[in-house]
Amino acid sequence: MKFNTKAIHAGQQPEETSGAVMPPIFQTSTYAQEAPNVNKGYDYARVGNPTRTALEKLIAGLEDADACACFASGCAAMDAVLKMFRPGDQIIASNDLYGGTYRLFTKVFAPYGIDFTFVDMTDIENVKKAATDDAKLLWIETPTNPLLRVVDIEELTNFAKNQDILSLVDNTFASPYLQQPLALGADMVLHSTTKYLGGHSDVIGGAVATSNEAIMEQLRFQVKTTGAVPGPMDCYLTLRGIKTLSVRVQQSVDNAKKVASFLDEHPDVDQVIYPGLESHGQHDIAKKQMSDFGGMVSFSLTDDSMEKAQEFMSRTEIFTLAESLGGVESLISHPASMTHGSIPKEVREKAGLKDSLIRLSVGIEDADDLIEDLDQAFE
């Protein structure tokens, strides 16, 4: 199947008892059994639910993975992966990554003895220097949040395999429509399905897809044991959102290119960060490993102050000031005080995150209206 067909049909079949084209919402907590442990594939809804199974099969199909495990949120998916590791293990991660990931690493798992090393992964030499004999996982974000740096997935995963290190790619910003990490060598691909996969800002969820049986066995153990699972309605909404993934993301990408070009020429803008601009430091890598450049745009102001950024964001009318991303509506946010507020200021600045940095999640509205909205905010 080509991608657009997969988004509709991967792993999907009409429901057996009724022939329903869309997977029903199986709103149940338990299932009747013919005898102890003799059932129709389900015994308790924490462990499995047919609506969730349909979603897992669809995401696995989109990522060309053998299997997928879905969770109640992106953070819950990350938590399940991290529980595969033990005190003394080293995890090497991007130094520019989602604030919630940084918080989970440093505030929850580091106190239990897992060693987290943060490096600039755009230069593989930094990863090689950081890796110790205890290195167990490369945690890769690309494009990164919010600085939209792009790292060479194939180069990093080749290194990881040679060193017997697992690799995970957080594919939330790109979505499977634009980037296929498993095909580039990654062992796992992670999503906050809240974002582009759900696509309508109405559901929270997370997922991890892999073709590694040992990894999936551990993830299924976490599903059963710690129970951070999505409800059937959440799964249904995400399933419905995925069916329009390609058309939504493509419209967002087309709009983002126009918005980035407008900002790049504006006198009040200091720097525009968008992988589709030739001025972007990793433009060629993005061109190589992504089918297009994404719907996220970040920029900083010539007046690099938090106050000026907040003043600008309060003036937009179509861009809604809110956290999150990947919905049909355009959002504007201030990473330093919102999504990345949990990262200490000195750590943010060392990674290059300025106080005036503004992050746009470009939606599917008319591009001319979005540009006009930004223009009037500047004025």
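Biologist: What makes Lys308, Glu311 and Arg315 a network?

Modeller: In this predicted model, Lys308, Glu311 and Arg315 are linked by salt bridges. For Lys308 and Glu311 the N to O distance is 3.8 Å. The cut-off for a salt bridge is 4 Å between a Lys or Arg side-chain nitrogen and an Asp or Glu carboxyl oxygen, so the pair qualifies.

Biologist: Where do Lys308 and Glu311 lie?

Modeller: Both are in helix H11, residues 306–313, and they are 3 residues apart, about one turn of the helix.

Biologist: Why are Lys308 and Glu311 called partly exposed?

Modeller: Lys308 has a relative accessible area of 36%, and Glu311 has 32%. Buried means under 20% and exposed means over 50%, so a value in between is called partly exposed.

Biologist: How many salt bridges does the whole structure hold?

Modeller: The search finds 9. One of them joins Asp64 to Lys6, with the closest N and O atoms 2.7 Å apart. That pair links distant parts of the chain: Asp64 sits in the loop between H2 and strand E1 (67–71), Lys6 sits in helix H1, and they are 58 residues apart.

Biologist: Is Lys6 buried or exposed?

Modeller: Lys6 has 16% relative accessibility, which is under 20%, so it counts as buried. Asp64, at 48%, counts as partly exposed.

Biologist: What makes Lys288 and Asp152 a salt bridge?

Modeller: Their side chains meet at 2.7 Å, N to O, and the limit is 4 Å, so the pair is counted. Lys288 lies in helix H10 (residues 283–289) and Asp152 in the loop between E4 and H6, so the pair ties together parts that are 136 residues apart in sequence.

Biologist: Which classes do Lys288 and Asp152 fall into by accessible area?

Modeller: Lys288 is exposed, because its 51% is over 50%. Asp152 is buried, because its 13% is under 20%.

Biologist: Which residues form the negative surface patch?

Modeller: Asp366, Asp368, Asp369 and Glu372 form it. Asp and Glu count as negative, so the patch carries that sign. Glu372 lies in helix H13, residues 367–378. Patch residues need over 30% relative accessible area, and Glu372 has 55%, so it meets that condition; it is also over 50% and therefore exposed.

Biologist: Why is the pair of Tyr31 and Tyr42 called tilted?

Modeller: The structure holds 9 aromatic pairs. In the pair of Tyr31 and Tyr42 the ring centres are 5.5 Å apart and the planes stand at 35 degrees. The centres are within 6.5 Å, so the rings pair; the angle is neither under 30 degrees nor over 60, so the pair is tilted. Tyr31 and Tyr42 both lie in the loop between helix H1 (3–9) and helix H2 (50–62), so the pair ties together parts that are 11 residues apart in sequence.

Biologist: How do you know that Tyr31 is buried and Tyr42 is partly exposed?

Modeller: Tyr31 has a relative accessible area of 16%, under the 20% cut-off, so it is buried. Tyr42 has 21%, which falls between 20% and 50%, so it is partly exposed.

Biologist: Which residues do ring pairs link into a cluster?

Modeller: Tyr102, Phe105, Phe116, Phe118 and Trp139.

Biologist: What is listed for the backbone at Asn37 and Leu148?

Modeller: Asn37 has phi near 65 degrees, a positive value in a residue other than glycine. Leu148 is not a glycine either, and its phi is positive at about 55 degrees. Asn37 is found in the loop between H1 and H2, and Leu148 lies in the loop between E4 and H6.

Biologist: Why are Asn37 and Leu148 put in opposite classes, exposed and buried?

Modeller: Asn37 has a relative accessible area of 68%, over 50%, so it is exposed. Leu148 has 2%, under 20%, so it is buried.

Biologist: Which residues does a cis peptide bond join?

Modeller: One such bond joins Thr142 and Pro143, with omega about -10 degrees. Another joins Asn145 and Pro146, with omega about 15 degrees. Pro143 is in the loop between strand E4 (135–141) and helix H6 (153–162), and Pro146 is in the loop between E4 and H6.

Conventions
Residues numbered from 1 in each chain as written. Predicted model: local features only at pLDDT ≥ 70, side-chain atom pairs only at ≥ 80, totals over all residues. Heavy atoms only, no water. Patch = residues over 30% accessible without salt bridge, like charges linked within 9 Å, V, L, I, M, F, W, Y side chains within 5 Å. Areas by Shrake-Rupley, 256 points an atom, 1.4 Å probe, with all protein chains shown as cover. Charge placed at Lys NZ, Arg CZ, Asp CG, Glu CD. Helix = DSSP H or I, 4+ residues; strand = E, 2+ residues; numbered from the N terminus. Buried < 20%, exposed > 50% of the residue type's maximum accessible area, 1.4 Å probe, protein only. Phe/Tyr/Trp six-rings, centres within 6.5 Å; stacked < 30°, edge-to-face > 60°.
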